[in-house]
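Some notes on this model follow, for discussion. They take the strands first, then the helices, then a single side chain.

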Amino acid sequence: MDVSFKDKLRYRFEKYMNKGGSSIFVSLFVVFLTLFLFIIFIRWLILLIWPDLAYTDSFFDDIWYTWLQMTDPGNMNQDNASPTWLKITTVLSGIVGVIILSMLIAFITTSLEKILYNFRKGRGKVIEEDHTLILGWNERVVDIIRELILANESEKYAAVVVLSDRDKEEMDDLIAKRLPDTKTTRIITTTGDYANINELKRVNITDARSVILLANCSESATYDERISSDVQSVKSIMAIISCQDGKNDLPIIAEIFSEEKRELISFFNDENIIALDSWDIMGKLLVQTSLTSGLEMVYNEILSFDGGEIYFYEADWNGVSFGELPFHFKDGVPLGIFNEEDGLVLRPGRDKRLQKDDQIVILAEDDSTIHYEASTIYQPQSLKFIENKLEQKQKSVLILGWHSVAEIFIRESADYLREGSRFDIYINEPLDELKDRVDELRKMYADFEINLTDSDPLKLECLKMMNPFTYDNIIILSQDMQEQRADKIDSDTLIILLLLRNIKEEKEEIDTKIITQVLNSENQEIITQTDVDDFIISNKLITMILAQLSEEPLIKKLYDDIFSEDGSEIYVKPISLYTDEFPLKVKFGDLIGLADQRDEICLGIRKGALSKNPNKNFGVTLNLPKNQVVELGEDDFLVVLSEDEL
């Protein structure tokens with residue numbers, strides 16, 4: 001290829017200039033010096049030809065005047081006394097100086113603005129250690145940070161770093177608005193591609209404590225958007241492992257929508273990598289809540305870092321039995337035993353003796369308050385015990401709206417409800433996609449009656465025609481399958497609750513339980529002003545789970561058990577199933593002994609009279625001191641870890 005010298009020169013110049021700001025600055029400076037020397041040469045040449053024009057003491061004064069004139073054209077008046085020919089160089093110096101210096105100033109200003117812009121965009125290197133790294137951004141990120149702030153309260157310095165494709169200023173503004181007090185935790189946000197190895201290194205991924213990988217869309221997003229989110233998450237996990245030279249030592253908690261991608265992540269064969277289907281857990285919790293009231297408040301306390309928490313604890317057990325174990329702790333209720341051989345076993349039985357390497361799973365106020373005493377600190381008193389059981393019945397469930405969690409609810413109900421139970425789904429103008437899915441559910445669960453009706457629950461007349469209070473449970477979900485805004489979904493929920501309250505006022509005795517899904521935790525206070533029996537703050541509970549897993553990945557084994565029908569689960573059961581002596585005035589340690597007679601573990605109590613009082617945690621109190629006196633009536637409940645809800 002024939003290339004002219006001019007083209008070669010231009011090509012090399014373009015390559016040099018593309019190196020960045022430093023090359024531009026150097027080029028301008030070289031041009032400035034070159035023109036300075038050129039003007040000095042002209043001035044010297046004039047004085048060489050006409051020596052009589054010299055009016056300074058030495059030529060070095062001429063050089064100095066030229067420099068001053070080029071750097072500040074206001075200095076041109078220093079040559080007022082010079083001959084006309086020398087004034088030519090003075091004019092040249094001023095013109096060249098104005099042009100070149102203007103270019104330099106413009107370049108410096110632009111570069112400074114770029115630096116400040118990058119600062120605002122969070123493009124700098126993050127110098128943090130032992131920090132929790134959140135990758136991605138969705139509506140749950142602020143609640144996750146709030147939980148991590150609570151978890152870090154006992155630390156002097158802690159840090160949470162957020163890397164996402166969102167604008168840094170947008171992230172900072174939202175966090176500052178929602179979380180004005182971050183206590184001992186620093187919140188650092190930065191913009192970048194969290195599936196890029198260089199970006200992960202920039203946020204010091206290798207020195208992080210744990211990683212929370214968020215989905216970049218909601219469950220209500222389109223199928224393609226959810227798949228795209230999962231692919232991005234899988235790429236990010238691979239990039240994180242690559243940053244650690246192929247061996248992962250970080251707990252990685254990832255939100256993954258599709259079963260296929262969760263199975264793909266399992267191929268890493270790494271217990272530190274947890275692919276979580278958040279809505280699967282919510283569906284199971286919805287079923288449990290429909291069976292027993294008050295569970296949301298129980299899980300809200302157990303899963304949050306604010307209040308009682310779940311810990312793994314190891315001590316020198318000296319062969320103590322599990323039945324005696326609760327009375328060796330001033331603070332804490334043991335739930336099960338964990339070891340490498342058997343894994344996690346909840347409610348192992350009162351006669352099970354702990355071995356040397358066993359850890360216990362315990363509900364306690366704080367890890368600093370857990371201490372195993374060699375001798376018992378409380379001896380439970382024997383109470384009158386009766387063996388009552390609830391009867392499993394057919395149930396009718398009214399589902400207003402639709403969400404993928406409803407599908408999980410129906411699937412999980414097959415393990416809890418009797419044959420012949422009915423699910424009536426009402427939604428305005430159901431999509432063909434939903435009609436097809438309901439047809440599939442009918443075939444999969446032939447023992448249930450599943451009906452889909454086109455009706456608008458947001459209209460009072462439509463709601464009345466449904467006869468909602470003839471059902472055992474009313475479950476309120478999203479009214480638009482394609483709606484992704486949490487506030488809009490919650491607003492529709494609130495309207496339906498108010499309409500139901502209007503209908504309820506016309507009825508006398510009502511046994512229907514109303515359960516609603518609340519996406520935005522900030523709407524809780526508004527929702528509690530209605531007559532809802534239970535509400536599940538989906539995003540809040542999901543963020544608690546994500547935050548707890550990032551602090552202790554081992555707790556996933558507990559979630560797998562308590563959210564599974566085959567394992568032990570938490571229920572809120574009437575005290576009348578255990579005794580018929582009322583009013584009952586006993587110590588909490590005695591209630592632990594009472595529940596143990598049913599092979600259950602008592603975690604706390606719920607006062608029925610306070611079930612509508614948000615200031616009293618809706619009557620729920622967990623992990624009371626063993627010697628604290630409690631008074632219970634027939635309308636009160638025990639919070640227990642049990643095999644079933646009966």
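1. Two strands count as paired if DSSP finds at least two bridges between them. On that basis, strand β11 (residues 396-400) pairs with β14 through 4 bridges, and the two run parallel. Within this pairing, Ile399 stands opposite Ile475 of β14. The model is a predicted one, and the points below should be read with that in mind.

2. Strand β14 also has a partner in strand β15 (residues 513-518): 4 bridges join them, again in parallel. Here Ile476 has Thr516 of β15 as its bridge partner. β14 is therefore joined to β11 and to β15, where two bridges would suffice for a pairing by definition.

3. How are the two faces of β14 (residues 473-476) placed, covered or open? Both are covered. Asn473 and Ile475 are buried on one side, and Ile474 and Ile476 are buried on the other.

4. Two helices are mostly covered. In α5 (residues 141-151), 10 of the 11 residues are buried. Charged side chains are among them: Asp143 and Glu147 are on the buried list, together with residues including Val141, Ile144, Leu148 and Ala151. In helix α11 (residues 295-303), 9 of 9 residues are buried. That set includes Glu296, Asn300 and Glu301 as well as Leu295, Met297, Val298 and Ile302.

5. The surface carries a nonpolar patch made up of Phe41, Trp44, Leu45, Leu48, Ile49, Trp50, Trp85, Ile88 and Leu92, with about 870 Å² of accessible area together. Helices α2 (21-49) and α4 (84-121) each supply at least two of the patch residues. The most come from α2, which gives 5.

6. Phe41, one of the patch residues, is found in helix α2. Is Phe41 buried, partly exposed or exposed? Its relative accessible area is 44%; the partly exposed class runs between 20% and 50%, so Phe41 is partly exposed.

7. Glu255 lies in strand β5 (residues 252-255). Buried means under 20% relative accessible area, and Glu255 has 4%, so Glu255 is buried. The side chain of Glu255 reaches the backbone nitrogen of Ala215 at 3.1 Å.

8. Which residues does Glu255 touch, leaving aside those up to four places away in sequence? They are Asn138, Arg140, Leu213, Leu214, Ala215, Asp230, Ser233, Leu276, Ser278, Ile542 and Leu546. Ala215 thus appears both in this contact list and as the residue whose backbone nitrogen the Glu255 side chain reaches.

Technical notes: Residues are numbered from 1 along each chain as its sequence is written. This is a predicted model: local features need pLDDT of at least 70, side-chain atom pairs count only at pLDDT 80 or more; totals for chains, interfaces and linings use all residues. Side-chain values use heavy atoms; hydrogens and water are left out. Buried means under 20% relative accessible area, exposed over 50%, partly exposed in between (1.4 Å probe, protein chains only). Patches are made of residues with over 30% relative accessible area and no salt bridge: like charges are joined within 9 Å, nonpolar side chains (Val, Leu, Ile, Met, Phe, Trp, Tyr) within 5 Å. Accessible areas come from the Shrake-Rupley method with a 1.4 Å probe; for residues, only the protein chains shown count as cover. A salt bridge is a side-chain nitrogen of Lys or Arg within 4 Å of a carboxyl oxygen of Asp or Glu. A polar contact is a pair of N or O atoms within 3.5 Å; within protein, one must be able to donate a hydrogen and the other to accept it, and residues adjacent in sequence count only if both atoms are side-chain atoms. Contact means heavy atoms within 4.5 Å.
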